[in-house]
Amino acid sequence: MEIFEEWMQQYKLKKCLTKLQEKNPDIRREAIKILGEIGNPEAIKHLIALLREWDWNVQHQTTEALAKIGLPAIEPLTKVLEEDNYSV
């Protein structure tokens with residue numbers, strides 16, 4: 001059963017990462033929410049890129065997802081925020 005659950009998590013991760021490219025912000029927000037629930041650190045770099053998103057609601061959902069992922073997100077997030085040209 002664990003193998004199936006792990007496979008499903010990987011499947012969800014890949015599908016959600018694909019959905020981050022959608023033009024519709026509602027679809028992106030839902031994918032971001034699921035990525036936060038999955039909590040897989042593989043999503044961190046993709047989520048951090050969305051902090052520059054033009055849609056405030058997408059940015060907000062992204063910060064919530066990163067918070068749910070927790071400790072693994074801190075170091076990469078800190079590095080990005082320390083960049084001179086970064087602004088949210």
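Helices here are DSSP runs of H or I at least four residues long, numbered from the N terminus. Keep in mind that this is a predicted model.

**Figure 1. Leu 50, a loop residue between two helices.** Leu 50 is found in the loop between H3 and H4. With a relative accessibility of 10%, Leu 50 counts as buried, because the cut-off for that is under 20%. Setting aside residues up to four places away in sequence, Leu 50 touches Leu 20, Ile 32, Gln 59 and Thr 62. For one of these partners, Ile 32, the C-alpha atom sits 9.3 Å from that of Leu 50, with the two positions 18 residues apart along the chain.

**Figure 2. The largest nonpolar core.** This core has 19 residues, and the ones touching the most other members are Leu 20, Ile 32, Leu 35, Leu 47 and Leu 66. Five helices chip in at least two residues each: H1 (2–19), H2 (25–38), H3 (44–49), H4 (56–69) and H5 (71–81). H4 gives the largest share, four residues. As general background, nonpolar side chains tend to be buried together in soluble globular proteins. Zoom in on Leu 20 and you find Arg 28, Ala 31, Ile 32, Leu 35, His 46 and Leu 50 in touch with it, again not counting residues up to four places away in sequence.

**Figure 3. Helix H4 and its buried face.** H4 runs for 14 residues and spans 20 Å from first C-alpha to last, close to the 20 Å expected at 1.5 Å a residue. Its buried residues are Val 58, Gln 59, Gln 61, Thr 62, Ala 65, Leu 66 and Ile 69. Looking down the axis of H4, these buried residues fall within an arc of 165°, so they line one face of the helix. H2, H3 and H5 are among the elements that cover them. Over on the face turned away from the buried side, H4 carries the exposed residues Trp 56, Ala 67 and Lys 68.

**Figure 4. The two ends of H4.** At the N-terminal end, Asp 55 acts as the cap: one of its side-chain oxygens lies 2.8 Å from the backbone nitrogen of Asn 57. Past the other end, just after H4, Gly 70 takes a positive phi of about 80°.

**Figure 5. An aromatic cluster on H1.** Phe 4, Trp 7 and Tyr 11 form one aromatic cluster. The structure holds two aromatic pairs. Phe 4 and Trp 7 make a stacked pair, 6.2 Å centre to centre with 25° between the planes. Trp 7 and Tyr 11 are stacked as well, at 5.7 Å centre to centre and 15° between the planes. Along helix H1, Phe 4 and Trp 7 are three residues apart, about one turn of the helix. Trp 7 and Tyr 11 are likewise separated by about one helical turn, because they sit four residues apart in H1. An α-helix has 3.6 residues a turn, so residues three or four places apart point the same way. As for solvent, Phe 4 counts as partly exposed at 47% relative accessibility, and Tyr 11 is also partly exposed, at 42%.

**Figure 6. Asn 40, a buried polar residue in a loop.** Asn 40 lies in the loop between H2 and H3. Its relative accessible area is 15%, so Asn 40 is buried. Leaving aside neighbours within four places in sequence, Asn 40 is in contact with Gln 10, Leu 13, Leu 35 and Ile 69. Leu 35 also appears in Figure 2, among the core residues that touch the most other members, while Ile 69 is one of the buried residues of H4 from Figure 3.

Terms used. Residues numbered from 1 in each chain as written. Predicted model: local features only at pLDDT ≥ 70, side-chain atom pairs only at ≥ 80, totals over all residues. Heavy atoms only, no water. Core = buried A, V, L, I, M, F, W, Y, C linked by side-chain atoms within 4.5 Å. Buried < 20%, exposed > 50% of the residue type's maximum accessible area, 1.4 Å probe, protein only. Contact = heavy atoms within 4.5 Å. Phe/Tyr/Trp six-rings, centres within 6.5 Å; stacked < 30°, edge-to-face > 60°. Expected span 1.5 Å × (residues − 1). Arc of directions from axis to C-beta. Polar contact = N/O pair within 3.5 Å; in protein donor to acceptor, adjacent residues only side chain to side chain.
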